[in-house]
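Notebook open, viewer running. I want to go through the helix packing, the ligand site and any odd backbone spots, in that order.

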Amino acid sequence: MAHSLADQISTILHEFDSRIHAATTLEQLETIRIHFIGRSGVVSSVMDALKQASLEEKRLYGPQVNTLKNHINEELERKKLEFITHLQAQQEKSARAFDVTARIWQPLHGTLHPYTQVIQELEDIFISMGFAVVDGPEIETAEYNFDALNIPADHPAREHHDTFWLNVPGLLLRTHTSNVQARTMRQATTFPIAVFAPGRVFRNEALDASHEFMFPQGEIMFIDKNVSLANLMAIAQSFLQKFFNKQDLKIRVRPGYFPFVEPGLEIDGQCPFCTQGCSVCKRTGWIELLGAGLIHPRVLKAGSIDPEVYSGFAMGFGIARIAMIKYGINDIRVFHSNHLPSLQKF
Ligand code: PHE
């Protein structure tokens, strides 16, 4: 019996030591605790056995069993603390390793439409030269779009304006921004009249890389006493120099025909991109940019201005066209498309 109790105690001790050494989780510690010092664990059965033992044995083994029990308790507590500390350290470490620089989706930023941006750029230029920005209606009467511009109903020039006529007789979508001419003249009370009128125009045309049925134009009109072609050319040149950021840009003038000006001119600008000729200027070094001329006396009269006292010039140009040249766009249709690579050039 004595031998057997001593053996049991040392077997339990060894078994406990090796199991606790191998334990890696809190769950395993709990299993070990129940097995050794649980209510019906192995230590309890040794204590039960001790109750049957002699007084001498009790004296001898009682303290040993107590020591064993204390050892088990202490070891379990120590391991438990060790595991908990380790777990906390791991949690802290993974919290610290959280990557706060992780990528997020960048939202696409909207921008002003290229036409709007270029119109604002043009407005800045003309305002800096003393012009006022004016607006004209897109739905227009035949009177302002044609008659007041010396284009009567039977004039062949009307055929060149592929007009969208409305169902309402006499109304149309303006084919050019020149409709602001007589309107502005009739409203003016002081001289000089100096206006820049950007806006949409409409033409019933076959669509291709350089033709749209709706596109923006800009109109410049200047009226005062003794206005000459020299004034017209100075304004045209300095406008183009500013727009293309080329201080020495030269212009070239050719005769052109528009019923509302006399003489009428086509104005070419020197290619802003080359000196020898490139694909933009089709190897000529020049690009056709403006229609212009001195305002026809009949147009001044239609605007209630006396052509014996006043004279003026007018210029018109395609805003899409000059934007395409400046920003390297080769198809006008991208402006009304979702083609972001082209639109983001602006
Ligand atoms: N309105 C003309 C066009 O659309 C351009 C122009 C304007 C020409 C002013 C001369 C003077 O083609």
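Are α5 and α9 oblique or parallel to each other? Before answering, a reminder to myself that this is a predicted model.

**Helix pair.** I looked up the residue ranges first: α5 covers residues 114-128 and α9 covers residues 229-243. Their axes lie 10 Å apart, and the packing angle comes out at about 135°. Angles over 145 degrees would count as roughly antiparallel, and 65 to 115 as roughly perpendicular. The pair is therefore oblique. I also checked the hand, and α5 and α9 make a right-handed crossing.

**Ligand shell.** Next I listed what surrounds the ligand. The shell consists of H176, S178, R203, Q217, E219, F258, F260, G291, A292, A314, M315 and G316. Sorted by type, I get five nonpolar residues, five polar ones and two charged ones.

**Polar contacts.** Then I went through side chains with an N or O atom close to the ligand. H176 has one 3.0 Å from a nitrogen atom of the ligand. For R203 the partner is a ligand oxygen atom, again with 3.0 Å between the atoms. Q217 also pairs with an oxygen atom of the ligand, here at 2.9 Å. How much of the ligand does the protein bury? On its own the ligand exposes 320 Å², and 90% of that is buried by the protein.

**Who supplies the shell?** Three elements give two or more residues each: β5 (214-224), β8 (286-295) and β9 (311-318). Which of them has the largest share? That is β9, with three residues.

**Cis peptides.** I scanned the omega angles next. F191 and P192 are joined by a cis peptide bond, with omega about -5°. I placed P192 in the loop that runs between α8 (180-187) and β4 (193-202). Another cis bond links E262 to P263, and there too omega is about -5°. P263 sits in a strand, β7, which spans residues 261-270.

**Positive phi.** Last item: N226. Its phi is positive, about 60°, even though N226 is not a glycine. Where is N226? I found N226 in the loop between β5 and α9. That ties two earlier entries together for me: β5 is one of the elements giving two or more residues to the ligand shell, and α9 is the helix that packs with α5.

Note on methods: Residues numbered from 1 in each chain as written. Predicted model: local features only at pLDDT ≥ 70, side-chain atom pairs only at ≥ 80, totals over all residues. Heavy atoms only, no water. Near = heavy atom within 4 Å. Polar contact = N/O pair within 3.5 Å; in protein donor to acceptor, adjacent residues only side chain to side chain. Areas by Shrake-Rupley, 256 points an atom, 1.4 Å probe, with all protein chains shown as cover. Helix = DSSP H or I, 4+ residues; strand = E, 2+ residues; numbered from the N terminus. Nonpolar A, V, L, I, M, F, W, Y, C, P; charged D, E, K, R; others polar. Axes fitted to C-alpha atoms, helices over the stretch in contact; angles between N-to-C directions. Parallel < 35°, antiparallel > 145°, perpendicular 65-115°, else oblique. Left-handed = near helix turned anticlockwise from the far one by under 90°.
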